[in-house]
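Colleague: Could you take a close look at the side-chain packing and the backbone details for me? I'd love to have it explained in plain bench language.

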Amino acid sequence: MNSNVNEVERIKARSNFLRGTLEASLADNITGALAPDDAQISKFHGFYEQDDRDQRDERHDRILEPYYSLMLRARLPGGVCTPQQWLTLDEIGRTLANGTLRLTTRQTFQYHGVLKQNIKAVIQGINRVMIDSIGGCGDVNRNVLCNPNPTVSELHQEVHGWARRISEHLLPRTQAYHEIWLDGEKLAGGKEHEPIYGPTYLPRKFKTAVAVPPDNDVDLYANDLGFIAIAEAGRLQGFNVTAGGGMGATHGDTTTYPRLADELGFVKPEQVLAVAEAMVTVQRDHGNRADRRHARLKYTIDQMGVEQFRYEVASRAGVNFALPKPVSFTSQGDRYGWVEGADGQRHLTLYIESGRVVDRPEQKLMTGLREIAGIHQGDFRITPNQNLIVARVPAHQQGEIESIAEKHGLLSEGVSSIRKQGLACVALPTCPQAMAEAERYLPGLFDKVEAMAERHGIGDTDCVIRITGCPNGCARPYLAELGLVGKGPGHYNLYLGGDGKGTRLNKRYRENLGEAEVLETMDQLLEQYAADRKPGERLGDFTIRTGLVTEVKQPARDFHD
Amino acid sequence: MALSQLQTLTNPLDDQQLQRLQSALEGMSSIQLTWVGGYLAGLGSQQPQAVAAEAEMHQSITILFGSESGNARAIAGALAERAASRGFEAGLFSMDDYRIRELTKERLVLIVVSTHGEGDPPEGARDLHSYLHGKRAPRLDKLKYAVLGLGDSSYQHFCRTAKEFDNRLHELGAERLLERIDCDVDYQKPSDDWTEKALDLTKAHIPAQGPKVVPLTRAAAKIPQARYGQDNPYRARLLENQRITGRGAVGDIRHLILSIDPEAISYTPGDTLGVWFQNDPLLAGEVLSEIGLNGDARISVKGRESRLSDALLRHYELTRLHPALVRGWASLAKSDDLSEIAADQARLWEYIQQHQVIDLVNQYPARPSADEFAGLLCPLQPRLYSISSSQTEFEDEIHLTLCLLQYQAFGRNYQGGASGFLVERLGEDESLDVYLVENPCFRLPGGGDTSIIMIGAGTGVAPYRAFMQQRAVNNDKGANWLIFGNRHFHNDFLYQLEWQRYRKAGLLDRVDLAFSRDQSEKVYVQHRIHQNGAELYRWLEEGAHLYLCGASVMGGDVKQALIEVVSEQSGQSPEGAAEYLETLRRQGRFQQDLY
Ligand code: SRM
Ligand SMILES: Cc1cc2nc3c(=O)[nH]c(=O)nc-3n(C[C@H](O)[C@H](O)[C@H](O)COP(=O)(O)OP(=O)(O)OC[C@H]3O[C@@H](n4cnc5c(N)ncnc54)[C@H](O)[C@@H]3O)c2cc1C
Ligand SMILES: Cc1cc2nc3c(=O)[nH]c(=O)nc-3n(C[C@H](O)[C@H](O)[C@H](O)COP(=O)(O)O)c2cc1C
Ligand code: SF4
């Protein structure tokens with residue numbers, strides 16, 4: 001192996017197609033943690049080692065290791081699951097995890113707080129309802145996003161089918177998952193073969209999304225690989241293909257940056273899998289395996305140049321990219337409440353704060369959803385905004401579902417649109433990368449921002465605020481009109497200038513603000529916006545027009561100025 | 001260290017001298033060796049001009065780093081490489097892998113440390129940081145040092161940790177070799193420059209490779225100067241009282257560190273400490289008001305006059321009952337009920353185990369005089385606690401592992417007399433009366449090559465911590481096997497980090513754990529003994545020593561399990577197996593400390 005590769009590459013190489021020493025790690029009862037190599041390999045199986053950071057210092061003083069547990073993330077292309085599946089997911093969350101389900105910005109769910117000795121039971125449990133966690137994390141193609149809008153049902157179904165096929169086509173082929181978790185037959189390592197990935201998989205995670213304009217809830221341009229569905233009269237014609245999007249950056253390191261995907265061209269539906277596979281193999285062969293900070297496809301493309309990259313993909317896939325079709329996106333948010341689809345079925349979008357499905361005294365989300373799942377005949381769809389759609393409800397059941405939702409406080413009447421558009425990543429206490437709070441910070445912050453907006457007479461303003469605990473960007477904060485990105489405990493960088501449609505990056509406005517300064521700065525900003533905005537002008541547009549920030553055009557060069 | 005190893009190091013003895021030394025030491029037990037080591041060190045220090053001057057030196061650079069995200073680690077690594085390429089002998093340690101107590105022996109330490117959180121040390125630097133800033137910090141007059149800080153000036157507390165290390169080392173008497181540098185996010189160039197400078201200066205302080213001698217032992221030979229005992233206790237100071245069970249734990253177990261003068265108390269792993277305590281003043285007040293006595297009343301205690309309330313705190317048992325008290329109280333209270341209990345041995349014992357003095361006076365009202373009452377009470381007894389440290393490792397400290405006895409009954413909360421005092425009433429830096437209780441029947445094997453099996457539950461693990469410290473310092477080669485049980489893995493795995501470190505270092509060969517409440521069916525240490533019966537028997541057959549420590553109830557179950565295992569593995573009858581264990585016991589190979 002090339003001596004210039006990073007440690008994770010070596011770990012993958014010696015893992016024998018993702019087996020590592022996972023079984024020994026699970027059996028080692030002196031620690032709740034995994035062996036360091038296995039903590040990398042486990043990601044490909046869908047779970048991360050974490051610890052309760054709230055208790056970390058205290059436990060160290062108590063001569064106890066950190067309170068280790070595992071976070072498992074499932075693969076759920078397009079976020080669709082059945083009520084039967086939901087009931088099982090709910091039960092596992094209550095019995096084998098920390099009593100919650102966490103809906104993610106990539107349309108799936110996570111379990112937090114799974115103890116090492118329970119991980120196998122969790123995986124077997126979801127497997128019983130045909131859900132797996134293969135490639136939930138790790139250097140492979142991740143959960144494929146797909147616009148869940150159920151109202152245009154036929155088109156959606158067709159597009160969702162492609163999302164599913166892409167996800168399946170790009171699954172690792174190793175039997176390690178079945179062997180270790182599902183007690184599958186043991187294959188000799190030599191018999192394994194990864195036709196697409198090869199034995200060291202990709203240099204880094206790889207993300208794919210499928211969008212159906214005019215909705216850009218999937219934040220298509222934040223993905224390594226994107227497909228924009230092009231339909232004529234409700235019939236799918238093909239996709240515009242995009243490549244090289246991503247959010248992750250590192251504070252202070254100007255060689256890292258968020259980047260919007262480039263358009264490569266238009267392809268027919270039947271060319272989708274070939275294009276996806278070609279894109280993956282180009283990244284496999286050209287991605288940076290020395291430095292994980294520069295290993296995402298966006299850097300590979302900036303290295304190669306878009307033209308060269310398009311050429312490589314086209315020739316590997318054996319396709320000719322046609323000129324991309326014109327598309328326009330209008331929003332990156334969800335529509336709440338009931339809507340009726342073309343076929344007369346009803347769909348209820350519920351606002352789930354930070355995607356955390358949990359029972360709280362004032363709102364019994366988990367119980368409510370369980371009761372709904374008990375009678376629901378359609379399906380559930382997790383949205384890329386961490387919300388949940390109770391989809392395909394026949395007209396006669398609308399009332400019944402509505403009353404369960406109402407009884408448990410699931411309806412979002414009275415929730416401001418600022419809050420409803422907001423996103424926060426998980427951050428503390430589970431996320432090892434978090435530098436500041438996010439999910440736990442959001443509710444209190446939004447209380448104050450709402451009050452502020454009221455005071456300036458713009459309480460109904462519609463603006464996208466996103467918070468993350470670190471610059472990795474899990475809630476896609478660089479696509480927000482106002483983004484807060486954690487810098488240290490209680491401290492955030494503030495970004496401005498997204499367009500509310502997910503097609504423009506924002507830019508840093510202030511650095512390392514304490515929570516009080518965040519509020520002060522936002523207050524001034526909202527005051528200015530209330531006074532000087534043009535009719536219908538969004539906050540993000542306003543901040544650019546008035547020169548509070550300059551628009552980011554080529555992030556490699558101008559994101560950090 | 002084995003003498004044969006001495007040979008491989010550049011040593012100041014010629015072959016003949018070495019041979020003579022070897023033959024002189026042959027056959028000595030580890031305790032004897034320890035003593036001889038100290039003796040020699042003492043001799044050496046009286047001949048300052050000779051070999052001893054070199055012998056006490058560590059002629060190397062030690063590079064310590066504290067890093068969270070790897071930057072400081074990388075810089076320290078590069079520093080070590082450059083030091084090596086210039087011919088220095090450099091040791092590179094992450095601060096959390098470094099044996100803090102070595103610091104006083106160092107001559108030159110280079111520190112590379114970042115700052116995290118809100119100006120906090122990185123995780124791995126916390127222990128060293130707080131040790132140096134705490135009251136246990138040693139003087140470091142012989143040390144030269146330099147600090148490189150890593151940080152980010154957009155944070156409020158730029159490089160605070162580095163500054164703190166720098167200032168504190170200076171305060172402790174160490175001498176700055178080179179001004180500290182605080183590196184910002186672009187640290188490469190400044191850190192390279194600093195590294196070069198530091199190594200240039202190092203050259204001036206560390207002479208060309210001279211002969212290197214590793215001292216034979218760390219502790220000097222000492223014979224206790226005064227004899228302290230139960231009636232003539234030593235006044236120790238409580239340095240630290242640290243809870244060591246997790247947030248959700250039912251049991252509140254503390255790690256207590258007492259400060260002692262090693263001249264006054266010299267202990268061996270396996271020893272216990274006798275502790276005098278004072279009763280809870282609130283409890284004493286309650287008892288007095290319940291029976292209508294005034295605390296100011298004078299009574300005579302051991303021939304001296306004392307206030308009744310003082311006597312209840314210092315001289316009498318207020319938590320434990322004893323039969324004479326129950327009997328006496330029964331007649332005072334003229335209670336048939338209590339008299340019946342007192343007359344029946346079994347019921348009396350049960351009553352005593354489940355009640356305290358306050359319950360007796362509550363449940364059976366009586367109005368004795370102050371003298372009458374005091375006359376019935378049992379004199380205060382000191383309590384014993386296994387020492388959980390080795391003096392070779394912690395020369396002037398005694399560590400205890402103490403479980404706070406607390407429970408609820410009759411609608412109120414109760415605590416144990418001594419454990420309540422030590423855990424809740426005695427403040428850090430306050431003093432208490434203690435005395436050493438030697439425990440020659442609970443000792444490490446004489447030879448370091450002998451393997452040991454340590455079985456214990458709860459605080460029963462305490463002496464094993466001392467054992468491991470001792471075996472590590474001795475560099476004993478015998479294998480170590482811990483079988484430990486408690487309630488929950490996450491909350492009650494006492495000294496978990498230390499056991500993990502021993503395992504990582506290859507000192508702890510096997511660990512078997514039984515956490516009784518982590519699964520629906522209860523699992524205890526005796527189950528682990530059964531599960532590992534073949535292995536355990538093999539160890540015994542190969543000469544391992546077996547230890548058992550903790551609560552007596554557990555002890556009984558474990559002994560039963562041991563008999564069953566030996567019987568299964570050897571094909572003997574249970575009686576034969578019991579005899580086998582008995583033989584081990586007689587040979588000193590099966591030792592118990594049950595309470
Ligand atoms: C749960 C979720 C956030 C949420 O609130 O919903 C999440 C949570 C985590 N992300 Fe993420 N990411 C999540 C979507 C994203 C997104 C958004 C997206 O994909 O649309 C991004 C930005 C897009 C991108 O990838 O560029 C994102 C960029 C990252 C990165 C930075 C990657 C980079 O290129 O620099 C990391 C760190 C890493 O990979 O080294 C990361 C790592 C993590 C980890 C696993 C932390 C870690 O490395 O151990 C977080 C687990 C926290 C926890 O306790 O649960 N996560 N993460 C999202 C799960 C998505 C899923 O179901 O697969
Ligand atoms: C050799 C030896 C070594 C020891 N090592 C250790 C050690 O390392 N760590 C350690 O923590 N302990 C150790 N002990 C035990 C220790 O000595 C004390 O016995 C223990 O701390 C309790 O003492 P106390 O004064 O707190 O409680 P006490 O005041 O002695 O007891 C309180 C009284 O409360 C009553 N009582 C207790 N529990 C209940 C209940 N559940 N319900 C109703 N009534 C109850 C009983 O009447 C009891 O006598 C050791 C003992 C010995 C003999
Ligand atoms: C959460 C967080 C908090 C930080 N806090 C501080 C700080 O208070 N002061 C400072 O000087 N640097 C601070 N830093 C910057 C680090 O010290 C800096 O990145 C350093 O290079 C890290 O070195 P290491 O990788 O060896 O830990 C912080 C970094 C992070 C991630
Ligand atoms: S953005 Fe950072 S803090 Fe938030 S979940 Fe992702 S990795 Fe964790």
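Modeller: In this predicted model, the charged side chain of B:Arg412 sits over the face of B:Tyr414, 5.0 Å from the ring centre. Chain A has an arrangement of this kind as well: A:Arg165 lies over the face of A:Trp162, at a distance of 4.3 Å from the centre of the ring.

Rings also meet other rings. Over all chains, the count comes to 31 aromatic pairs. One of them is formed by A:Tyr336 and A:Tyr351, with 6.0 Å between the centres and 75° between the planes. An angle over 60 degrees counts as edge-to-face, so that is the label for A:Tyr336 and A:Tyr351. The two partners come from distant parts of the chain, 15 residues apart: A:Tyr336 belongs to the loop between α11 and β11, A:Tyr351 to the loop between β12 and β13. A:Tyr336 is buried, with a relative accessible area of 17%, and A:Tyr351 is buried too, at 8%. In chain B, B:Phe442, B:Tyr464, B:Phe467 and B:Tyr547 come together as one aromatic cluster.

The loop that holds A:Tyr351 also carries A:Ser354, between β12 (346-350) and β13 (356-357). Although A:Ser354 is not a glycine, its phi is positive, near 50°. Is A:Ser354 buried or exposed? A:Ser354 is buried, with a relative accessible area of 6%. A:Met130 is another non-glycine residue with a positive phi, about 65°. A:Met130 is found in the loop between α6 (119-128) and β6 (145-146), but this residue is exposed, with a relative accessible area of 72%.

While we are on the backbone, have a look at two cis peptide bonds in chain A. One joins A:Pro213 to A:Pro214, with omega at about 10°, and A:Pro214 lies in the loop between β7 (208-211) and β8 (225-232). Another joins A:Leu428 to A:Pro429, where omega is about 5°; A:Pro429 is in the loop between β18 (423-424) and α15 (442-455).

For a place where the chains meet, go to B:Gln500 in helix α19 (residues 496-504) of chain B. Which residues does B:Gln500 touch, leaving aside its neighbours within four places in sequence? They are A:Ile30, A:Thr31 and A:Glu65. With A:Ile30 there is a polar approach: its backbone oxygen lies 2.9 Å from a polar atom of the B:Gln500 side chain. B:Gln500 is buried, having a relative accessible area of 17%.

Last come the cysteines, with 0 disulfides over all chains. Why does A:Cys81 form no bond with A:Cys146? A:Cys146 holds the closest cysteine sulfur, but that sulfur is 15 Å from the one in A:Cys81, which is too far for a bond. B:Cys183 gives a second case: its closest cysteine sulfur, in B:Cys159, is 7.0 Å away, again too far. The cut-off for a disulfide is 2.5 Å between the sulfur atoms. As for their surroundings, A:Cys81 is buried, with a relative accessible area of 2%, and B:Cys183 is buried at 1%.

How values were computed:
Residues numbered from 1 in each chain as written. Chains lettered and ligands numbered in written order. Predicted model: local features only at pLDDT ≥ 70, side-chain atom pairs only at ≥ 80, totals over all residues. Heavy atoms only, no water. Helix = DSSP H or I, 4+ residues; strand = E, 2+ residues; numbered from the N terminus. Buried < 20%, exposed > 50% of the residue type's maximum accessible area, 1.4 Å probe, protein only. Phe/Tyr/Trp six-rings, centres within 6.5 Å; stacked < 30°, edge-to-face > 60°. Lys NZ or Arg CZ within 6 Å of the ring centre and 35° of its normal. Polar contact = N/O pair within 3.5 Å; in protein donor to acceptor, adjacent residues only side chain to side chain. Contact = heavy atoms within 4.5 Å.
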